[in-house]
Amino acid sequence: VVHTIHGYGFHDAQPWPLSLALSGMERLASLVTARFIAVSRANLEQGIALGLFTRDRVSLIRSGVRLKAFEEAARGGAGLEARAAMRHELGLPGDAPLIGMIACLKPQKSPLTFVEVAARVARDAPAAAFVIAGDGELRPEVERRARELGLSGRLHLLGWRRDIPRVMASLDVLLHTSLWEGLPRVLPEAMAASVPVVATGVDGTRDILRDGETGIVCAPPGVDGLAAGVKRLLQDRDCARTLAARAKAVLPEFDIDGMVRAQERLYLALMGPGTNLP
């Protein structure tokens, strides 16, 4: 039995009885688990600290991404086409700065934080527009809060999309506002598309983003810090390009083929010497 941890079901934002019950369930499941896989160093170390498993029972294998799709969507003419097409779809000028979030509209992703940040950025960047690709239970609240903050016509909700590499390639900044994570796959997707990232420093995010070196990272909810980071990247495009370029150094860890090979080696080792998969 192999259990892969993409973040835990319990977290500090929950009422303590619920968090305690869920962590207890994890401990029970651990008794029948042969090996754990963690997608982030933060989750691995947390599991050890909580006594869910020992270090010799867990492996770090990143969650794989089809990086090539994002690299190709942002490269050369394809990237220019993606930028132009998204601005045309939204009725924006071709040079409008576009800040985006790609996530489910659920409490974990804190889309209302995105709205608050957008309102602060909008005051100082009148040409900027904002887009969220994704949908979910908080959509009515997002729409209501956007109206209250005067973002009608500037914040665009795309709903579910099947062209995420093209959406990503159209952005000037990816803003990620999660309150907790395992390891957000959208970050290496942004890195592959050469899009600079402003994000909350939670769990796996801290594994792959270094504040001021490969992105801008703030403690959650961090509305003011996130807004300042977005404005900085919009105003200083050289800084934005430098952060995006440096961030690419971690991409080999997230290649989906590498993930599959690492998992295959682990499964074969668990099955015993001389085992071959069909």
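Where in the chain is the place of S110? Let's work it out together, and keep in mind that this is a predicted model.

**Exercise 1. Locate S110 and describe its backbone and its surroundings.**

Step 1: Look for S110 in the loop between β4 (98-102) and α5.

Step 2: Check the backbone angle. Phi of S110 is near 50 degrees, which is a positive value in a residue other than glycine.

Step 3: Set this beside the general rule. Most residues other than glycine have a negative phi, and most peptide bonds are trans.

Step 4: Decide whether S110 is buried or exposed. Buried means under 20% relative accessible area, and S110 has 10%, so S110 is buried.

**Exercise 2. Do the same for S194.**

Step 1: Find S194 in the loop between α8 (186-192) and β8 (197-200).

Step 2: Read its phi. S194 is not a glycine, yet its phi is positive, at about 60 degrees.

Step 3: Classify its accessibility. The relative accessible area of S194 is 41%, and values between the buried limit of 20% and the exposed limit of 50% are called partly exposed. S194 is therefore partly exposed.

**Exercise 3. Which peptide bond is cis, and where does P221 lie?**

Step 1: Look at omega. The peptide bond from P220 to P221 has omega near -5 degrees, and this bond is cis.

Step 2: Place P221 in the chain. P221 belongs to the loop between β9 (216-218) and α10 (223-235).

**Exercise 4. Describe the surroundings of G182.**

Step 1: Start with the location. G182 sits in the loop between β7 (173-176) and α8.

Step 2: Use the accessibility. G182 has 3% relative accessibility, so G182 counts as buried.

Step 3: List the contacts. Leaving aside neighbours within four places in sequence, G182 touches residues including H6, G7, V39, S40 and N43. D203 and G204 are also among its contacts.

Step 4: Compare sequence and space. G182 and G9 are 173 residues apart along the chain, while their C-alpha atoms are separated by 9.9 Å.

**Exercise 5. Which residues of helix α2 are buried, and what covers them?**

Step 1: Helix α2 spans residues 41-49, and its buried residues are A42, N43, L44 and G47.

Step 2: Look at the cover. The elements over these buried residues include the strands β1 (2-5), β2 (35-38) and β3 (58-60), together with α9 (205-208).

Step 3: Move just past the helix. There, G51 takes a positive phi of about 75 degrees.

**Exercise 6. Is P126 buried or exposed, and where does it lie?**

Step 1: P126 is in the loop between α5 (111-124) and β5 (129-133).

Step 2: The relative accessible area of P126 is 67%. Exposed means over 50%, so P126 is exposed.

Step 3: Find a partner in space. P97 is 29 residues from P126 in sequence, and the C-alpha atoms of the two are 9.6 Å apart.

**Exercise 7. Now step back: how compact is the chain?**

Step 1: Count the elements. The chain has 12 helices and nine strands.

Step 2: Compare radii. The radius of gyration is 20 Å, close to the 19 Å from the globule rule for 278 residues, so the chain is as compact as a globular protein of that length.

Step 3: Add the burial. Of the 278 residues, 52% count as buried.

Step 4: Look at the contacts with a separation of 6 or more. Residues 24 or more positions apart account for 67% of them.

Notes
Residues are numbered from 1 along each chain as its sequence is written. This is a predicted model: local features need pLDDT of at least 70, side-chain atom pairs count only at pLDDT 80 or more; totals for chains, interfaces and linings use all residues. Side-chain values use heavy atoms; hydrogens and water are left out. Helices (H or I, at least four residues) and strands (E, at least two) are DSSP runs, numbered from the N terminus. The radius of gyration is taken over C-alpha atoms; the globule rule is 2.2 Å times the number of residues to the power 0.38. Buried means under 20% relative accessible area, exposed over 50%, partly exposed in between (1.4 Å probe, protein chains only). Contact means heavy atoms within 4.5 Å.
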